[in-house]
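These are my notebook entries on a single protein model. I set out to look up its helices, its enclosed spaces and two individual residues.

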Amino acid sequence: MKSLDIHKSEYLKQFKDQTYGRNLFRTQEEERLDAPNEECGIFGMYSDSDVDTFSLSQFGLFALQHRGQEACGISVLKDGKITNMKDEGLVLDVYKEIQEPETFMGNSAIGHTRYTTAGDKKKYNFQPFFAKNEYDQIILSIAHNGNLTNAKELKAELEAEGVVFRATSDSEVILRLIQKNLDLGLRGAIKATMEKIEGAYSVVGMTRNKFFAFRDFNGIRPLVLGAVDEKTYVVASESVALDAVGAQYVRDILPGEIIYTNENEPGKLHSYMVNEEKGKQRICSFEYIYFARPDSTLENINVYEIREKSGEKIWEQAPVEADVVIGVPDSGVPAAIGFSKASGIPFRPVLIKNRYIGRSFIVPTQEMRERVVNLKLNPIISEIKDKRVVIIDDSIVRGTTSKRLVKILKDAGVKEIHFRSVSPPIIAPCYLGIDTPSKDDLISANMTTEELRKYLGVDSLEFLSTDNLKDILGSSNHCFGCFTEEYPVGKGEEVELFN
């Protein structure tokens, strides 16, 4: 058997030129219903001279493709003019639609890759959002990752002042507030906006002569800063986007921090803390468990190492006698390697994925939708038949995918199935930028672990405890809301933001 270090190396290497897939057992519909879904990834770059922003933004957004697969968009600043392009589809598909790439080569660019929630697949909700002047020129463009909890009331206030909204996204509230306050200067406008909005937000943006980025006071959604050289900067949701464009990681944008350029000092990046006392570190713990790419580093913590440690920790928490450990590709594999290291039970990459399958299957019946799963992943039966198997997955949300996985293993002749989830039970929705089912649809909010074990039909079932998750992360300075129902900020109204 290959050493676990070789498995780790091969596992990480594949994402350098292929998109990262989380739980490949999920059908496209289940990715919306049976998984927490990140709503987007953001990317921005600035240089004091013209660079190939067309190619570099494409590379950066491709590295963030796992954060959203429904739509993509970019805004580019060239010669004092902002040009915008956005459409439905994957990053590479949208970029192929750009007929004249040279028009998107300038000195600054921002980009967005979006996961669209049900009923919200409208082009006017695709990002970046932009504002125009009376001459129909774009003067401001932003891309936002997160969710505002007071967006509805702020929208009503702005509408009462005569502001016209063109989308049904809370991100437009941020845009309009900055636009409204531009007479305070860019930094003043952003500061005034941050003092009004509540919730989770990481934002990149540009005017016709400035670049900026800022992050909420709890730092719930990630945002990292990198540099290609002394006068070329990159900001992105994850460090893998920096790697993709040849930028060196500098640091994470701090909670409550604004970074921005000044037209009087080209090439220099400035930093401003809106409120030192208000800034706290509460980054989403689920970024490490599930959302982020495994080769990312967030808040100086390597994501892969956290996932491998989670496998080691759940072995300590819930040991079991077994013959084989397997992980659900791609997100469950590092934890399976960690479980194997700690237990001595051999890890086998038993679930083989078809690397050429896309997301474009359109099948009319449930029976055929089930078969699509076997096109994505197929087990090596000889490795698991008549054996006691530990299956490691990142989480259990609605339970439908987990139940199908158990059936596939049983059909392959597995003797015993021991299921381990390396996240705690998800008992509450997220109101801070992640698309999760309602509490009624979260299976751990409605069943005990023993009831869920019987529902799945497995011999044992264990979840990583919240205390052990905190131990792995090294602190309690994270958001654990979906596990505890305790959030860093008020969750706001439990209604659609905009009717």
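Entry 1: helix α7. I began with helix α7, residues 186-194, and listed its buried residues as L186, A189, I190, A192, T193 and M194. I kept in mind throughout that the model is a predicted one. I then looked up the packing partners of these buried residues and found α6, β8 (199-207), β9 (211-215) and β13 (257-261).

Entry 2: T193. From helix α7 I took T193, which is one of its residues. T193 has a relative accessible area of 0%, so it is buried. I looked up its contacts beyond the neighbours within four places in sequence and noted I174, L177, I178 and N181. For I178 I also recorded a distance: its backbone nitrogen is 3.3 Å from a polar atom of the T193 side chain.

Entry 3: helix α5. I turned next to helix α5, residues 151-160, where A151, L154, K155 and L158 are the buried residues. Viewed down the axis of α5, these buried residues fall within an arc of 100°, so they line one face of the helix. I set beside this the general rule that an α-helix has 3.6 residues a turn, so residues three or four places apart point the same way. The buried residues of α5 pack against β7 (138-148) and α6 (171-180). I noted that α6 also appears among the elements against which the buried residues of α7 pack. After α5 comes G162, and I recorded for G162 a positive phi, near 100°.

Entry 4: the largest cavity. How many cavities of 30 Å³ or more are there? I counted three. The largest cavity holds about 70 Å³ of space. It is lined by 13 residues, and the closest to its centre are C284, C430, C479, G481 and C482. I sorted the lining of the largest cavity by character and obtained 10 nonpolar residues, two polar and one charged.

Entry 5: the second largest cavity. For the second largest cavity I noted a volume of about 50 Å³. Its lining consists of Y288, I289, I306, R307, S310, V422 and L469. Two elements, α9 (286-291) and α10 (303-317), each give two or more residues to this lining. Which element gives the largest share of the lining of the second largest cavity? It is α10, with three residues. By character, I divided the lining of the second largest cavity into five nonpolar residues, one polar and one charged.

Entry 6: I384. My second single residue was I384, in helix α13, residues 381-384. Is I384 buried or exposed? Its relative accessibility is 0%, so I384 counts as buried. Leaving aside neighbours within four places in sequence, I listed its contacts as V350, P379, V389, L409, A412, G413 and V414. I also looked up the separation of I384 from V325: the two are 59 residues apart along the chain, and their C-alpha atoms are 9.6 Å apart.

Entry 7: the whole protein. I closed with the totals. The protein has 499 residues, and buried residues make up 58% of them. Its secondary structure comes to 18 helices and 25 strands. I also tallied contacts between residues at least 6 apart in sequence, and 71% of these join residues at least 24 apart.

Conventions: Residues are numbered from 1 along each chain as its sequence is written. This is a predicted model: local features need pLDDT of at least 70, side-chain atom pairs count only at pLDDT 80 or more; totals for chains, interfaces and linings use all residues. Side-chain values use heavy atoms; hydrogens and water are left out. Buried means under 20% relative accessible area, exposed over 50%, partly exposed in between (1.4 Å probe, protein chains only). Helices (H or I, at least four residues) and strands (E, at least two) are DSSP runs, numbered from the N terminus. The arc is that of the directions from the helix axis to the C-beta atoms. Contact means heavy atoms within 4.5 Å. On a 1 Å grid over the protein atoms alone, a cavity is a set of points where a 1.4 Å probe fits but cannot get out, and a pocket is an open set with protein on both sides within 12 Å along at least five of seven lines; lining residues have an atom within 4 Å of a point. Grid points are joined across faces, edges and corners, and a volume is the space filled by probe spheres set on the points. Ala, Val, Leu, Ile, Met, Phe, Trp, Tyr, Cys and Pro count as nonpolar, Asp, Glu, Lys and Arg as charged, and the others, Gly among them, as polar. A polar contact is a pair of N or O atoms within 3.5 Å; within protein, one must be able to donate a hydrogen and the other to accept it, and residues adjacent in sequence count only if both atoms are side-chain atoms.
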